[in-house]
Amino acid sequence: MRKTYWVAAILCIVLIVPTFRIAEASVAGAYIVNADNLNVRSEPSKSADVIGKLNRGEQVEVTKESYGWYRIDAGSVEGWVAGYYLKKASEAKSGKASTAAIQKANHNLEQQGTVTADSLRVREGPGTSHPVIAGLKQGDKLTVLKADNGWLNIRVGGTTGWVSQAYVEMDGAAPAVQTASVSRSSGKLQGKLIVIDPGHGGDDPGMIGTTLETIEKELNLKTAKLLRDELAARGAKVIMTRTKDGSNPKLSERVDISERNAADAFISIHYNSSQKNTSGTLAFYYADKDELLARAIARRLSDGIGLKNNGVSFGNYHVLRENDRPAALLELGFLSNAKDEKMVRTEQYQRNAVVAIANGLADYFAGSASRV
């Protein structure tokens with residue numbers, strides 16, 4: 001028996017040690033500062049002393065990570081910075097190359113593309129406010145005629161319409177994006193990676209409406225898809241934690257999607273319930289890195305979307321607590337309130353809500369440069 005214990009102990013050591021090495025190796029490397037006046041602190045904490053500052057575009061060497069804080073060596077200063085204000089140097093370079101490729105393709109119209117989303121709506125015009133005229137599925141081929149601020153004018157068979165550029169992979173270089181006016185603060189979302197998490201799913205329906213028996217998981221997914229389209233139209237990169245009603249990823253898997261992709265923000269979409277006759281929206285946060293995001297969105301949810309805004313509140317939820325990226329969980333109305341339930345089922349309310357959320361995200365990024 002004693003030999004068995006020793007063998008088990010040795011096997012544990014052999015298996016565990018490489019895991020830690022891999023984790024460290026995935027963080028270390030060259031990064032570019034993606035913020036103005038980024039504070040360098042003596043310890044991995046927002047309360048630690050500021051020992052230096054970095055400017056946007058400076059390159060630093062990251063040596064290790066601690067709960068979202070990166071240990072950096074900038075030559076003139078060594079210390080800790082918030083990891084979500086750094087971008088890997090390799091990714092920064094590839095972004096510039098992509099921009100050059102887009103500019104080079106200015107006159108290269110009539111390109112072929114492939115749909116990458118599970119389902120993609122074709123609309124009459126370039127924006128989510130235009131009616132849906134057709135639908136495409138993953139793998140469908142299409143011809144791109146022109147581009148307009150995140151939307152592609154496409155032709156499939158005898159149908160011509162508009163689709164979100166975020167869900168089309170070009171066979172050649174990407175078409176040039178023509179400048180056009182969009183919703184407020186939209187430029188602040190260009191290139192940001194947002195993870196949208198439609199709550200519940202699969203065998204977990206979430207809340208059930210007490211008056212109209214609205215199923216929360218279905219409403220979460222519908223609203224999340226509208227938000228995805230809105231953000232993509234403003235130039236953001238969007239990843240969904242689930243895209244189908246039957247899917248229900250574990251909470252840890254939802255967080256992993258956020259962390260693995262180094263999301264600029266994680267937004268979890270829900271609808272609420274209460275034994276009291278409570279009404280309105282609410283934004284939850286867990287840590288300091290989350291509160292500013294939640295407050296920015298909550299302020300926009302008070303822009304006359306149809307329900308009152310109940311502000312922000314601390315929430316000890318797994319997708320917030322275990323997430324090292326800025327995260328907020330949004331409750332967009334009470335399914336236990338007859339008035340709320342009737343309103344949140346309408347597409348107009350959901351569109352108002354997603355525009356408010358997108359504006360809140362834009363406000364957050366616009367003010368994030370000197371927060372840390």
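This section describes salt bridges in a predicted model, together with the solvent accessibility of the residues that form them.

Side chains of opposite charge can pair when their charged atoms come close. With a cut-off of 4 Å between a side-chain nitrogen of Lys or Arg and a carboxyl oxygen of Asp or Glu, the count comes to 12 salt bridges. Three of these pairs are set out below.

One pair joins Arg-228 to Asp-229, where the closest N and O atoms are 3.4 Å apart. Arg-228 has a relative accessibility of 10% and therefore counts as buried, the limit for that class being under 20%. Asp-229 falls in the buried class as well, its relative accessible area being 6%.

A further salt bridge links the side chains of Glu-230 and Arg-234, with an N to O distance of 2.9 Å. Glu-230 is buried, with 7% of relative accessible area. Its partner Arg-234, at 3% relative accessibility, is also assigned to the buried class.

Another salt bridge is found in helix 4, which spans residues 251–260 and contains both Asp-256 and Arg-260. The side chains of Asp-256 and Arg-260 meet at 2.3 Å, N to O. These two residues are four positions apart, about one turn of the helix. Asp-256 counts as partly exposed because its relative accessibility, 35%, lies between the limits of 20% and 50%. Arg-260 has a relative accessible area of 56% and so is classed as exposed, a class that requires over 50%.

How values were computed
Residues are numbered from 1 along each chain as its sequence is written. This is a predicted model: local features need pLDDT of at least 70, side-chain atom pairs count only at pLDDT 80 or more; totals for chains, interfaces and linings use all residues. Side-chain values use heavy atoms; hydrogens and water are left out. Buried means under 20% relative accessible area, exposed over 50%, partly exposed in between (1.4 Å probe, protein chains only).
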